[in-house]
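Q: Please give me a close look at one part, the largest pocket, and then a tour of the residues elsewhere. What volume does the largest pocket have, and how many residues line the largest pocket?

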Amino acid sequence: MKIQKKEDGYKAALEKNKIKFDEKLVIINDLKKESCVAAAKQLMQMKQMPDGLFVTGDFGAAICILTFKEAGLKVPEDIAVAGFNNDT
């Protein structure tokens, strides 16, 4: 499973850097526009919004950036966004 391998890699990187895993910070979706908009909105509604996010698809990252900007946030000043793997 592709998603499971990515999640396992994320958890391994956290463990290696002695960072506690927080399941509330992991949003798994299909990387379609509507899902990415919903994920960005979910992050913005958190009591403590993360400093940044890592999206496993460049399209999804772009949608998150647009959603943040439409909400008045500055990228990367308010929240950083990194896309990876050019998945659509």
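A: Here is the pocket, followed by a few residues picked out along the chain.

Before we start, this is a predicted model, so local features need pLDDT of at least 70 and side-chain atom pairs count only at pLDDT 80 or more, while totals for chains, interfaces and linings use all residues. Residues are numbered from 1 along each chain as its sequence is written, and side-chain values use heavy atoms, with hydrogens and water left out.

Rolling a probe the size of a water molecule over the atoms shows where empty space is left. A pocket here is an open set of points on a 1 Å grid over the protein atoms alone, where a 1.4 Å probe fits and there is protein on both sides within 12 Å along at least five of seven lines. Its lining residues have an atom within 4 Å of a point. Points are joined across faces, edges and corners, and the volume is the space filled by probe spheres set on them.

So, your pocket: the largest one has a volume of about 900 Å³. Its lining counts 31 residues, and Val-26, Ile-27, Phe-54, Val-55 and Thr-56 lie nearest the centre. By class, 19 of the lining residues are nonpolar, five are polar and seven are charged. (Nonpolar covers Ala, Val, Leu, Ile, Met, Phe, Trp, Tyr, Cys and Pro; charged covers Asp, Glu, Lys and Arg; the others, Gly among them, are polar.)

Where does the lining come from? At least two residues each come from helix 1 (2-16), helix 2 (33-44) and strand 1 (52-55). Helix 1 gives the largest share, with seven residues. Helices (H or I, at least four residues) and strands (E, at least two) are DSSP runs, numbered from the N terminus.

Let's stick with helix 1 for a bit. A search of the whole structure turns up two aromatic pairs. In one of them, Tyr-10 and Phe-21 meet edge-to-face, at 6.2 Å centre to centre and 70° between the planes. (Rings of Phe, Tyr and Trp, using its six-membered ring, pair if their centres lie within 6.5 Å; planes under 30 degrees apart are stacked, over 60 edge-to-face, and the rest tilted.) Because Tyr-10 is in helix 1 and Phe-21 in the loop between helix 1 and helix 2, the pair ties together parts eleven residues apart in sequence.

Both rings belong to partly exposed residues: Tyr-10 has 34% relative accessibility and Phe-21 has 31%. Buried means under 20% relative accessible area, exposed over 50%, and partly exposed in between (1.4 Å probe, protein chains only).

Phe-21 has other company too. The charged end of Lys-11 sits over its ring, 4.7 Å from the centre; that label needs NZ of Lys or CZ of Arg within 6 Å of the ring centre and within 35 degrees of the ring normal. Then there's Glu-7, a helix 1 residue that is buried at 18%. Setting aside neighbours within four places in sequence, Glu-7 touches Phe-21 and Ile-28, where contact means heavy atoms within 4.5 Å.

Now for some backbone oddities. Most residues other than glycine have a negative phi, and most peptide bonds are trans. Lys-18 isn't a glycine, yet has a positive phi of about 55°. Leu-31, also not a glycine, has a positive phi of about 65°. Lys-18 lies in the loop between helix 1 and helix 2, and so does Leu-31. Buried or exposed? Lys-18 is exposed at 76%, whereas Leu-31 is buried at 13%. Further on, the peptide bond from Val-75 to Pro-76 is cis, with omega near 10°, and Pro-76 is in the loop between helix 3 (58-70) and strand 2 (80-83).

Last stop: sequence distance versus space. Ile-63, in helix 3, is buried at 8%. Its C-alpha is 6.5 Å from that of Val-37, 26 residues apart along the chain. Beyond its neighbours within four places, Ile-63 is in contact with Lys-33, Cys-36 and Val-37. Gln-48 is exposed at 65%, and its C-alpha is 22 Å from that of Glu-15, with their places 33 residues apart in sequence.
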